[in-house]
Amino acid sequence: MRTTVAGVLLAAGEGSRFGQPKALVELNGQTLAERGVGLLRAGGADPILVVTGAVPLELDRTLTVDNPQWRTGMGSSLRAALQALSEAGRDPDIDPDIDPDIDPDIGPDIGPDIGPDIGPDIGPEMGPEMGPEMGADIGAVVVALADQPLVGAEAVARLIAAYRGGASVAVAAYDGQPRNPVLLAREHWPEVIATATGDQGARTFLRTRPELVTLVECGDTGRPDDIDTPADLARITAAPTNPA
């Protein structure tokens with residue numbers, strides 16, 4: 001098993017309901033993007049990719065993947081991140097038409113739709129930091145959302161522990177209800193790429209492959225509250241359990 005687990009922070013949206021990109025919104029002196037990166041790093045994910053779109057982001061010790069299709073929803077951001085990692089880990093001597101990481105039944109369907117759109121944007125950003133050797137060593141990703149700042153780092157750590165214990169798909173649950181973050185092992189990336197559309201993210205994949213999902217209870221580690229509006233931010237800021 002490839003034991004390296006990367007972190008992916010989806011932070012490409014324009015925050016139409018909030019009035020500004022939520023990645024730049026501050027909570028307790030940090031932007032939501034900075035908090036999301038800190039969450040993934042403290043939970044044990046490395047390297048960390050930040051998917052951008054509406055605004056550029058430069059965060060220390062992260063890799064940036066620009067998603068030119070960000071307006072279509074976070075599904076395109078998830079696709080961009082997984083495609084970037086897949087490309088980074090691909091042996092240049094292997095014919096992409098027979099890449100063992102790509103299911104032949106779905107590979108041809110995903111290539112024309114996303115390859116040309118993300119290829120030029122990820123090359124310069126990822127090339128120097130993530131070569132084929134590092135990319136090939138990544139066995140799974142933990143995907144987190146920038147607008148859920150109350151998720152605890154322990155949730156990420158528990159998902160990674162579940163993966164190292166044999167789970168190939170692990171989902172953080174709160175009082176038994178599946179939410180975020182989500183861990184996806186490498187063997188499932190082609191299927192996730194093929195099914196991630198609109199604002200569904202990995203939801204379609206998770207619903208159609210329930211037999212793969214391991215729920216990991218994280219209700220004692222934090223909360224999956226979304227910040228969609230200024231009122232949400234005010235409520236979270238005023239809450240006595242608001243983390244530093």
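The exercises below, each with a worked solution, concern a predicted model of a single chain.

**Exercise 1. Overall make-up**

State how many helices and strands the chain has, what share of its residues is buried, and how its contacts divide by sequence separation.

Solution. Begin with the secondary structure: the chain has eight helices and nine strands. Next, take burial: 52% of the 244 residues count as buried. Last, consider the contacts with a separation of 6 or more: residues 24 or more positions apart account for 73% of these contacts.

**Exercise 2. The nonpolar cores**

Identify the residues with the most neighbours in the largest nonpolar core, and the elements that supply this core.

Solution. In general, nonpolar side chains of soluble globular proteins tend to be buried together. Here the largest nonpolar core holds 33 residues, and Leu9, Leu40, Val142 and Leu183 touch the most other members. The elements that each supply at least two residues of this core are β1 (4-10), α1, β4, β6, α5 (153-164), β7 (169-174) and β8. Of these, α5 gives the most, with six residues.

Now follow Leu9. Leaving out residues up to four places away in sequence, Leu9 touches residues including Ala33, Gly36, Val37 and Leu40. Its contacts also include Leu49, Val50 and Val51, and Ala144, Leu145 and Ala146. A second, separate core has 31 residues, among them Leu78, Leu145, Val182 and Leu212.

**Exercise 3. The largest pocket**

Describe the volume, the lining and the chemical character of the largest pocket.

Solution. The volume is about 1200 Å³. The lining consists of 39 residues, and those closest to the pocket centre are Met74, Leu145, Asp147, Asp199 and Arg203. By class, the lining divides into 19 nonpolar, nine polar and 11 charged residues.

Then assign the lining to elements. At least two residues each come from α2 (74-88), β6 (138-145), β8 (177-185), α7 (203-208) and β9 (213-217). The largest share, five residues, comes from β8.

**Exercise 4. Helix α2**

Compare the span of α2 with its expected value, and decide whether the helix is largely enclosed or not.

Solution. α2 has 15 residues and reaches 21 Å from its first C-alpha to its last. At 1.5 Å a residue the expected span is 21 Å, and the helix is close to that value. For the second part, count the residues with under 20% relative accessible area. In α2, 13 of the 15 residues are buried, so the helix is largely enclosed by the rest of the structure.

**Exercise 5. Backbone exceptions**

Locate two cis peptide bonds and two non-glycine residues with positive phi.

Solution. The reference point is that most peptide bonds are trans, and most residues other than glycine have a negative phi.

1. The bond from Asp46 to Pro47 is cis, with omega near 0°. Pro47 is found in the loop between α1 (32-42) and β4 (48-52).
2. A cis bond also joins Asn180 and Pro181, with omega about 0°. Pro181 lies in strand β8.
3. Asn28 has a positive phi of about 55°. Its place is the loop between β2 (26-27) and β3 (30-31), and at a relative accessible area of 41% Asn28 is partly exposed.
4. Arg61 has a positive phi of about 55°. This residue is found in the loop between β4 and β5 (63-66). Arg61 counts as exposed because its relative accessibility is 67%, and the cut-off for exposed is over 50%.

Technical notes:
Residues are numbered from 1 along each chain as its sequence is written. This is a predicted model: local features need pLDDT of at least 70, side-chain atom pairs count only at pLDDT 80 or more; totals for chains, interfaces and linings use all residues. Side-chain values use heavy atoms; hydrogens and water are left out. On a 1 Å grid over the protein atoms alone, a cavity is a set of points where a 1.4 Å probe fits but cannot get out, and a pocket is an open set with protein on both sides within 12 Å along at least five of seven lines; lining residues have an atom within 4 Å of a point. Grid points are joined across faces, edges and corners, and a volume is the space filled by probe spheres set on the points. Helices (H or I, at least four residues) and strands (E, at least two) are DSSP runs, numbered from the N terminus. Ala, Val, Leu, Ile, Met, Phe, Trp, Tyr, Cys and Pro count as nonpolar, Asp, Glu, Lys and Arg as charged, and the others, Gly among them, as polar. Buried means under 20% relative accessible area, exposed over 50%, partly exposed in between (1.4 Å probe, protein chains only). A nonpolar core is a set of buried Ala, Val, Leu, Ile, Met, Phe, Trp, Tyr and Cys residues joined through side-chain atoms within 4.5 Å. Contact means heavy atoms within 4.5 Å. The expected span of a helix is 1.5 Å times one less than its number of residues.
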